Amino acid sequence: MRIVAGSCKGRMIKTLEGQNTRPTTEKVREAIFGKLQFEIPGSTVLDFFAGSGAIGIEALSRGAKKCFFVDKSRDAMRIIKMNAESCGFTADSVFIQADFEKAAAGITEKFDFIFIDPPYQSGFYTRAFTLALGLLAEDGLIVAEHEAPIEVPEGLHIVQEKRYSRIFVSYIARDQE
């Protein structure tokens, strides 16, 4: 797998062996960041369920100023750290090896972008969206990858949803009061 664009364009990154993680494909990452390209520079990003860190590293490569990587797997966090280091992003990264709920409870930062991509059948979406609402900057955006239609909790709404073969990407914003 490689970084699609930015300062690390073409750089290969490592992924975990086996089926426990499902990295976001280059095609889907290219579509997401093509849509967000002018908003990413200078932003603060949270990569929930980070896996290989591909999403957060893509954001840093495209000019995000800081990325928090959250994953409960020790092996995943080892890969994320290696990938961030090989791209020169260690100083711009915060690594949190913890369950997403515990991680969210300890984060005080507000994020311009929160990427949510849990295991599809995990049932984590609703809880992750609820926690993300408390971490989202006023004009922030949640980007969720999923394989079936999703519902968002009160306080959030789906701005746009795109389909790429079997994968959906939803752009979710805070309700305006």
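The crossing of helix 1 and helix 2 is right-handed, meaning that the near helix is turned clockwise from the far one by less than a right angle. This is a predicted model, where local features need pLDDT of at least 70 and side-chain atom pairs pLDDT 80 or more, while totals for chains, interfaces and linings use all residues. Residues are numbered from 1 along each chain as its sequence is written, and side-chain values use heavy atoms, without hydrogens or water.

Helix 1 covers residues 26-36 and helix 2 residues 54-61; they pack at about 40 degrees, axes 11 Å apart. Helices here are DSSP runs of H or I, at least four residues, and strands are E runs of at least two, numbered from the N terminus. Axes are lines fitted to C-alpha atoms over the stretch in contact, and angles run from 0 to 180 degrees between N-to-C directions. That angle makes helix 1 oblique to helix 2, oblique being whatever is not under 35, over 145 or 65 to 115 degrees.

On the helix 1 side, the contact (heavy atoms within 4.5 Å) is made by Arg29, Ile32 and Phe33. Helix 2 supplies Ala54, Ile55, Glu58 and Ala59.

Now helix 2 itself. Eight of its eight residues are buried, so helix 2 is largely enclosed by the rest of the structure; buried means under 20% relative accessible area, with a 1.4 Å probe and protein chains only. Those buried residues pack against helix 1, helix 3 (74-86) and four strands: strand 1 (44-48), strand 2 (66-71), strand 3 (93-97) and strand 4 (111-116). Just after helix 2, Gly63 has a positive phi of about 110 degrees.

Methods
Buried < 20%, exposed > 50% of the residue type's maximum accessible area, 1.4 Å probe, protein only.
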